[in-house]
Amino acid sequence: MNQSEDRTNPMVVVVMGSKSDYSTMVESLKVLKAFEIPYECRVISAHRTPDRAHKFAVEAESQGIKVIIAAAGKAAHLAGVMASLTILPVIGVPMATSDLGGLDSLLSTVQMPGGIPVGTTAIGKAGAKNAALLTVSILALSDDRLKRALKDYRKQMTEEVIAADNEIRNQTV
Ligand code: RP5
């Protein structure tokens, strides 16, 4: 069992407002797994299960959790509610929506009044991926293994772009 599969002591919790968010938020889980960060994935709704949302956020710090990633769509209050109840860093991921394309989720998540911050990423899968990478950056501040892993990840990404450039630059159609 690698560290990321240790569900007994999660350092990061990915909370989503609905099971329907899972197919997007799996992008966060993939990153956390790749960096061997112990995580847990939960469905907790600020609207449909407000008591559970409150309990979870209030207890998160004492459970050893370091970062909360909160994904929600439409009138997306989840990240803000979490942030109002804990001093842990909360990263909000706005879900794409069928009615307004995720602009509703984005504004609901990002437009926090001063005093209670939610670090908000892009709408949808890119945001889910980046929420986990931002989490890695936060944890890497006090973890040399993660620092090295994150630098390697960036290096590999650079090499992939250079390889793509070499492949494409002299192509003609
Ligand atoms: C939010 O409402 C969820 O985060 C989800 O993105 C959105 C729609 O939920 P479902 O109606 O698909 O359960 O609370």
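# Reasoning through a predicted model

Q: Where is Gly-124 found?
A: Gly-124 is found in the loop between β5 (119-120) and α5 (125-140). Keep in mind, as you look around, that this is a predicted model.

Q: Why is Gly-124 called buried?
A: Look at its relative accessible area, which is 9%. Buried means under 20%, so Gly-124, at 9%, is called buried.

Q: What is Gly-124 in contact with, leaving aside its neighbours within four places in sequence?
A: Thr-24, Val-93, Pro-94 and Ala-96 are its partners once those neighbours are set aside. A contact needs heavy atoms within 4.5 Å, so each of these four residues has a heavy atom within that distance of one in Gly-124.

Q: How far apart are Gly-124 and Ser-23 in sequence and in space?
A: In sequence, 101 residues separate them, while the C-alpha to C-alpha distance in space is 9.8 Å.

Q: What makes Leu-78 count as buried?
A: Its relative accessibility is 2%. The cut-off is under 20%, so Leu-78 counts as buried. You can find Leu-78 in helix α3, and the buried residues of that helix (residues 78-85) are Leu-78, Ala-79, Gly-80, Met-82 and Ala-83.

Q: Which elements do the buried residues of α3 pack against?
A: They pack against β1 (12-16), α2 (50-60), β3 (67-72), β4 (90-94) and α4. Leu-78 lets you see part of this in detail: not counting residues up to four places away in sequence, Leu-78 touches Val-15, Met-16, Gly-17, Ile-44, Ser-45, Ala-46, Ala-70, Ala-71 and Ala-72. With one of these, Ala-46, the C-alpha separation is 5.1 Å, although the two positions lie 32 residues apart along the chain when you count from one to the other.

Q: Why is Met-16 buried?
A: The relative accessible area of Met-16 is 1%; buried means under 20%, so Met-16 is buried. Met-16 is part of strand β1. Leaving aside neighbours within four places in sequence, its contacts include Asp-21, Tyr-22, Cys-41, Ala-71 and Leu-78.

Q: What makes Thr-109 count as buried?
A: Thr-109 has 4% relative accessibility, and the limit is under 20%, so Thr-109 counts as buried. Its home is helix α4 (residues 103-110). Beyond its neighbours within four places in sequence, Thr-109 is in contact with Ala-76, Ala-79, Gly-92, Pro-94, Val-118 and Thr-120.

Q: Why is Arg-169 called exposed?
A: Exposed means over 50%. Arg-169 has a relative accessible area of 55%, so Arg-169 is exposed. You will find Arg-169 in the segment after α6 (144-168). Its C-alpha atom is separated by 39 Å from that of Leu-107, which is 62 residues apart from Arg-169 along the chain.

Q: Why is Glu-36 called partly exposed?
A: Glu-36 has a relative accessible area of 33%. Partly exposed is the range between the 20% and 50% cut-offs, so Glu-36 is partly exposed. Its place is in the loop between α1 (22-34) and β2 (39-43).

Q: Why is Lys-74 partly exposed too?
A: The value for Lys-74 is 45%, and this also falls between 20% and 50%, so Lys-74 is partly exposed. Lys-74 lies in the loop between β3 and α3.

Q: What is phi of Glu-36 and of Lys-74 near?
A: Phi of Glu-36 is near 55 degrees, and phi of Lys-74 is near 65 degrees. Both are positive values in residues other than glycine. Most residues other than glycine have a negative phi.

Q: How do you know that Ser-18 makes a polar contact with the ligand?
A: A polar side-chain atom of Ser-18 lies 2.6 Å from an oxygen atom of the ligand. A polar contact is a pair of N or O atoms within 3.5 Å, so this pair qualifies. Side-chain N or O atoms of two other residues pass as well: Ser-20 at 2.7 Å from a ligand oxygen, and Arg-48 at 2.8 Å. The protein covers 72% of the 360 Å² of accessible area that the ligand has on its own.

Q: Which residues surround the ligand?
A: Gly-17, Ser-18, Ser-20, Asp-21, Arg-48, Ala-72, Gly-73 and Met-95 surround the ligand. The space the ligand takes is the largest pocket.

Notes. Residues are numbered from 1 along each chain as its sequence is written. This is a predicted model: local features need pLDDT of at least 70, side-chain atom pairs count only at pLDDT 80 or more; totals for chains, interfaces and linings use all residues. Side-chain values use heavy atoms; hydrogens and water are left out. Helices (H or I, at least four residues) and strands (E, at least two) are DSSP runs, numbered from the N terminus. Buried means under 20% relative accessible area, exposed over 50%, partly exposed in between (1.4 Å probe, protein chains only). A residue is near a molecule or strand if one of its heavy atoms lies within 4 Å of it. A polar contact is a pair of N or O atoms within 3.5 Å; within protein, one must be able to donate a hydrogen and the other to accept it, and residues adjacent in sequence count only if both atoms are side-chain atoms. Accessible areas come from the Shrake-Rupley method with a 1.4 Å probe; for residues, only the protein chains shown count as cover. On a 1 Å grid over the protein atoms alone, a cavity is a set of points where a 1.4 Å probe fits but cannot get out, and a pocket is an open set with protein on both sides within 12 Å along at least five of seven lines; lining residues have an atom within 4 Å of a point. A molecule sits in a cavity or pocket if more than half of its atoms lie within 2 Å of its grid points.
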